[in-house]
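Trainee: I am new to this structure. Please take one part and walk me through it closely.

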Amino acid sequence: MNPKRLLSITRAGIMESLHFRLGIFVTLFANLIYLVLVYYLWKAIYDSSGTDVVNGMTFSDTMIYLILATALFNFLEMFVVWDMSRSIQSGKIVLDLLKPMRFRKYTFWSYTGNHVVQFVLTFIPTFIVVMIVTRGAIPLGLNLVWFLIATVLALIINYNIEMMVAPICLFTESTWGINIVKETIVLLLSGASIPLAFFPEKARMIVQYLPFRAVYDIPLSILLGKSGSDTWQGLVSLFGLQLIWLVVLTVCGNLFWNCAVKKVTVNGG
Amino acid sequence: MSDLSVNEAVVMRNVCKDFKVLNRHEGLKGSIRDLFSRDYNTVSAVKDVTLTVHKGEIIGYLGPNGAGKSTTIKMMTGVLEPTSGEILVNGKVPYKNRTENCENIGVVFGQRSQLWWSLPLIESFKLLRDLYMVPQKDYEAMIELYRSLVDIDPILHKPVRQMSLGQRTLSDILAAFLHNPPIVFLDEPTIGLDVSMKAKIRELILGLNKEKNTTVILTTHDMGDVDALCKRIVIIDKGTKIYDNDIEHLKNYFGSYRTLKLKLADDTWEEYLIDEKTTDVMDVIMEKQKEKKIKDVKILEISTEEVIKKIYEGSAK
């Protein structure tokens, strides 16, 4: 473990991300269009419900949640599945395997640079805009610190989900299909497209304990002071859930990756 | 592993590599059948190769396309596991300790780049310095050495994606030597380069080998590379080693061969490869003279290229 190595990889990642600055602006613009759509969709839902509060959330609660979820999604999004299957098909994976560092560690840290850039250029501006528009609907305090910790945990969980899906693509030789399935499942069950409060009672009971929630819903709930995160007990249980899934998925991601690497090293990919 | 001597950079003993390949069927029906097929074929890419490379040597690892060269290189670097046999690189089994092995080797694949595409070369160097944990002093000394061997300053601050193929290959070679590994693998480093760039790259490899006593294992299809760099060559074909000796010995082996060049009336040169043991060169000239007018005659020693061609063709029979 040498922090200088990791910092150096992150630094290169930041520089590479900044190099594609146009991509960042396009992302911001696409988000804007998406959010307009979300706004009118949910406005229609609230107008037709006849009450101001649906499932315990007001219209502005829902909007704040979804806007931040979108920003969080841009920030946490990884392309491990795409990158890995492309580099296996082209044979570039050999060069990655020839780095003097474990592949999983190396890949994780080379994405970190991009996360840092996205956090500063998409998440923070979105957060500030939400703060200004809602005139301080989000509490500012210790919850910001907890949110950052939860986000880092979410990042690792998300990475391990990717690391489990990528080897599946390797074995089935179908990247697009499996990646779309993964993306849809994660977005739906994590609460990134529909707040979990809107799920039917029984479905919510199950979804609450799945790992996907740990990626988007838990950090957001902590930031917004929801799901009991305003009490120590609630906070501990949310972090506990994240930590359990982090360990489970890291072990699984490791196993899956070892299978994949075995296939590559035994049969040449 | 017992008789490991400090003189050996790479030891391969009876190394075999088999690949399992799915038997694909023709047509749409065949493709659907393939989905559930368990019908595998075993293809032997490398068969029973035994090879020792000494420290500080530059060896040419040659063979026709598909002979198993890259498979061997990949096994030596640790990204492929041999099916059977034993490999030791720097005294260690490469695939068992891949990450550790990687610290002690440098690799260049002529067709791919390990550099950070959108960043200036110097950033790739800095990153590799940290990744391989090269002390700053050694790093600076290495850059100085590079500066004395090639003119690196114009490319140092150029983003890799804006480089010409030649500059990029040069950069990749410099990157592979940066952490001063005892062994460097060069897989077709001069592919697609122009004559002067080829010469520059050969000079660089030779210079680095001399300065740092680096063992270089080179695969190439360019006999110019072989002539300029290698004292010893190993040839494999269809996964089997068919030649392993000095380059001089190779020429002696085919020493009775001569290349005869005849300049005809229309100023074109015709070439004949003649084995003096069986045919007399003079006879051929006389024979040809009866057919057409000859303006000039040249008799040359067989070139490495011709020798290799003969070996490839011979083994193909």
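Mentor: Here is a close look at chain B, from its sheet to its contact with chain A. Keep in mind that this is a predicted model.

Start with the sheet. Three strands of chain B make up an open sheet, in the order 2-1-4. Their pairing is antiparallel. Strand 2 (40-54) and strand 4 (84-89) of chain B are the edge strands. Each of these pairs on one side only. Neighbouring strands in this sheet are turned against each other by 25° on average, direction ignored.

Now look at one pairing. Strand 1 of chain B covers residues 8-22. Five bridges join strand 1 to strand 4 of chain B, and the two run antiparallel. Take Met12(B): its bridge partner in strand 4 of chain B is Ile87(B).

Next, helix 2 of chain B. This helix spans 69-77. It is mostly covered, with nine of its nine residues buried. Among them are two lysines, Lys69(B) and Lys74(B), along with Ile73(B), Met75(B) and Met76(B). Gly78(B) follows helix 2 of chain B. The phi of Gly78(B) is positive, near 95°.

Last, the contact between the chains. Chain B gives 24 residues and chain A gives 22 residues. Strand 1 and helix 2 of chain B return here: each supplies at least two residues of the side that touches chain A. So do helix 3 (98-103) and helix 4 (121-131) of chain B. By class, that side of chain B holds 12 nonpolar, four polar and eight charged residues.

Notes. Residues numbered from 1 in each chain as written. Chains lettered and ligands numbered in written order. Predicted model: local features only at pLDDT ≥ 70, side-chain atom pairs only at ≥ 80, totals over all residues. Pairing = 2+ DSSP bridges. Helix = DSSP H or I, 4+ residues; strand = E, 2+ residues; numbered from the N terminus. Axes fitted to C-alpha atoms, helices over the stretch in contact; angles between N-to-C directions. Contact = placed C-beta atoms within 7 Å. Nonpolar A, V, L, I, M, F, W, Y, C, P; charged D, E, K, R; others polar. Buried ≥ 20, exposed ≤ 12 C-beta atoms within 10 Å, placed from the backbone.
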